[in-house]
Every structure is written in structure tokens, then in C-alpha cells.
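The exercises below work through a single protein chain, moving from model confidence to the sheet, the helices and selected loop residues. Please read each task with the structure open, and try it before turning to the solution.

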Amino acid sequence: MPDKTPRKSYHEPVMLQEVIEALQIIPGGIYADMTFGGGGHSKAILLQLNKEGKLIAFDQDEDAWKNAIDDPRFLLVKENFRHLQRFLKLYHMIPAEGILADLGVSSHQFDTAGRGFSMQQNALLDMRMDRRQTLTAKDILRSYDPAALQEIFEQYGEVPNARTLAYRIVEARKTFPIETVAELTAIAGGVSRGNPARYLAQVFQALRITVNDELNALREMLEQSVSVLKPDGRLVIITFHSLEDRIVKEFMKNEKRLNIVYKKPLVPSFEEIKRNPRARSAKLRVAKKGAVE
């Protein structure tokens, strides 16, 4: 049976108060949490709902499913949020009053050594959010040609010397299969430019985005979001790096059915960053379907 409350150690919800204020929750409304994770945002939304309200949440990571909230108003969909419209239609939850997506990798995913998300812990280079899929980071490093590797590092990591890194990987794998965090950091560290930690973070980001098709999934979810929102419904997105933030910003700007609520994105308070350093790069953007009051 699901826990009645999410595990506190799993992940601290980012900008929680700002999210609740941005959603302007209607107690009897329908809401969607695109990135359930530890359930912190979902739990806060449920506290604002009355017995008529409903919350549907999405998460493709099986570790997050253990945090499912035991509440008749709550439904957890164990799939990627790119399937938003299909499942809201299936469960008769269209139109919705609000949609939230926190696009950050959870603390649990970073801190679980076996997942390969963090360069701080040696593990197999997996990086799958959904472990039902087959493609892993080590598959990419083993089989992609130099041009494909270069494109990944340039587009998804903005790595300054992506071509050099790609060829170094191809040369290295002639000698041994690149399968672990330690092996990749040793190779990438040998050609890094600028701040070594930032360089490695960009390399890992590029692989993670590719493995999980993150940017395409984001675009698909955004396109569907407007169709499932009711007039005056709110779209609230938290981004953590420039690639996804650019997509969200441009979508909200160019989508004619949306109006931007805050001209500039909200950022975490100094106190929150001090308490939770992983929140430091967060940006919260909000748009409303229909005219802004």
C-alpha cells in the first residue's frame, strides 16, 4: 500500500511556495504534476484542494512510484509526461486548471550511485530515467560514431571542444569499453577546458538528455499542455539549464493561446539556495491560457 506521505529524504521540492502561488489553486479544480518525484509539490497541491479536487501526477522512474500518495483525489501515471494529453483524456481530467513541471533531476537520482547520473560516484553509465527502456549512456559511448557524439556534446551540453572529446572517446574505446563514471571522467578530464567540474557536468548533461530524449519530450508536453488547460488555466514550469529554459521561454512567448504572467522568471530566495544548493539554477516561468488579468 502506498505511503500516506512522500519520503522526506527523496527530494526537496524547489520553490514550493512560489509554485503554489503561481498555480492560484481552485479548491475543486483538476491539476497535473508532470514530475512527481518525491511528491513534495503534489502533497502541497493536495493540501489546497477540497474533496472535489483532483490531482494527476506523472513519473517514469520506478523509484518515485514508492512515494505514491494514498489519497482518493490522487492518481499516479507511471509514464513520461510526453503522454500528458492521452492520460488526462483517459481519466476524464480535461480541462485542467493547472499544470506543473519541475524539470530538475531529483536529489535521489543524483545520490543513487547505481544510476550513473552523478560524476561524484563511480557506477555504470546508465542514466535512464525509465529503466524499462533499453538505451543507456554506455551504449551511446560504445556505438555512436564521432560525428554523432560531437553533435550530442555540442547541442545538449554546449561542450566547447565537442569534436576533440568525441574523437578521444572513439580512440579510447578501441582499447577498453567505456562503461563507468570513472572511465568517462578520466577521458573527458584529459581534454577539459575551463572549469573541470563544469566541463564534466556539461558532458554528463548531454548524455543524460540524449538517453532520455528530454528536450523532445518537453516540447511534446508543452504542445499538449495548452490543449488540456481550461481558459485561465495556469502552466508553471521550473527549468534548471539554458537549453530547456530556452524552449519553455520561446514556447510561452510564441504560443498565441498563452499569456506570460511574470515578465521575468522567478528564482529561488537566498535562504532556499542556502538550504538546498541544488536549487540555485532554478527558474520558474508561468503562463496563463487566456488574457492575464
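Throughout, contact means heavy atoms within 4.5 Å. The model is a predicted one, and the exercises begin with its confidence values.

**Exercise 1. Confidence along the chain**

Task: State the mean pLDDT of the protein chain, and decide how residues 1-8 should be treated.

Solution. Step one is the overall figure: the mean pLDDT of the chain is 93, with 92% of the residues at 70 or more. Step two turns to residues 1-8, where pLDDT stays under 50, although the model has 20 contacts for this stretch beyond four places in sequence. Step three applies a general caution, namely that predicted coordinates should not be read in detail where pLDDT is low.

**Exercise 2. The order of the sheet**

Task: Work out the strand order of the open sheet, and explain why β3 and β6 each have a side without a neighbour in the sheet.

Solution. Going across the sheet, the seven strands come in the order β3-β2-β1-β4-β5-β7-β6, and their pairing is mixed. Because β3 and β6 (258-260) are at the edges and each has a single partner strand, one side of each remains without a neighbour in the sheet. From one strand to the next, the twist averages 20°. Helix α1 packs on this sheet, where it touches β1, β4, β5 (229-239) and β7 (283-289), and its direction makes about 160° with that of β5.

**Exercise 3. Strand β2 and its partners**

Task: Trace how strand β2 is joined to β1 and to β3, and identify the helix that completes the β-α-β unit.

Solution. Begin with β1 (residues 30-33), which runs parallel to β2 and is joined to β2 by four bridges; within this pair, Y31 stands opposite L55 of β2. Next take β3 (residues 74-77), which also pairs with β2 in the parallel sense over four bridges, and here I56 has L75 of β3 as its bridge partner. The helix sought is α2 (residues 40-48), which together with β1 and β2 makes a right-handed β-α-β unit. Helix α2 lies across β1, β2, β3, β4 and β5, and runs at about 175° to β2. Finally, of the five residues in β2 (residues 54-58), four are buried, and the strand is thus mostly covered.

**Exercise 4. A crossing of two helices**

Task: Describe the geometry with which α7 and α10 pack, and then place A206 within this packing.

Solution. The axes of α7 (residues 146-157) and α10 (residues 196-212) are 8 Å apart, and the helices pack at an angle of about 100°. The angle therefore makes α7 roughly perpendicular to α10, since values from 65 to 115 degrees count as roughly perpendicular. On the α7 side I152, F153, Y156 and G157 take part, and they meet residues of α10 including Q202, V203 and A206. A206 lies in α10 and, apart from neighbours within four places in sequence, is in contact with I152, F153, Y156 and G157. Its relative accessible area is 0%, so A206 is buried. Between A206 and L243, which are 37 residues apart in sequence, the C-alpha distance is 10 Å.

**Exercise 5. Backbone angles and a loop residue**

Task: Find which peptide bond is cis around P95, describe phi of Q24 and of H92, and list what V267 touches.

Solution. The peptide bond between I94 and P95 is cis, with omega about 5°, and P95 belongs to the loop between α4 (84-90) and β4 (96-102). H92 is also placed in the loop between α4 and β4; H92 is not a glycine, yet its phi is positive, near 55°. With a relative accessible area of 68%, H92 is exposed. Q24, likewise not a glycine, has a positive phi of about 45° and is found in the loop between α1 (16-23) and β1. V267, for its part, sits in the loop between β6 and α13 (270-275), where, not counting residues up to four places away in sequence, V267 touches M15, A282 and K283. The C-alpha atoms of V267 and I25 are separated by 20 Å, the two residues being 242 residues apart along the chain.

Methods: Residues numbered from 1 in each chain as written. Predicted model: local features only at pLDDT ≥ 70, side-chain atom pairs only at ≥ 80, totals over all residues. Heavy atoms only, no water. pLDDT = per-residue confidence, 0-100. Buried < 20%, exposed > 50% of the residue type's maximum accessible area, 1.4 Å probe, protein only. Pairing = 2+ DSSP bridges. Right-handed = clockwise from strand over helix to strand, strands pointing away. Axes fitted to C-alpha atoms, helices over the stretch in contact; angles between N-to-C directions. Parallel < 35°, antiparallel > 145°, perpendicular 65-115°, else oblique.
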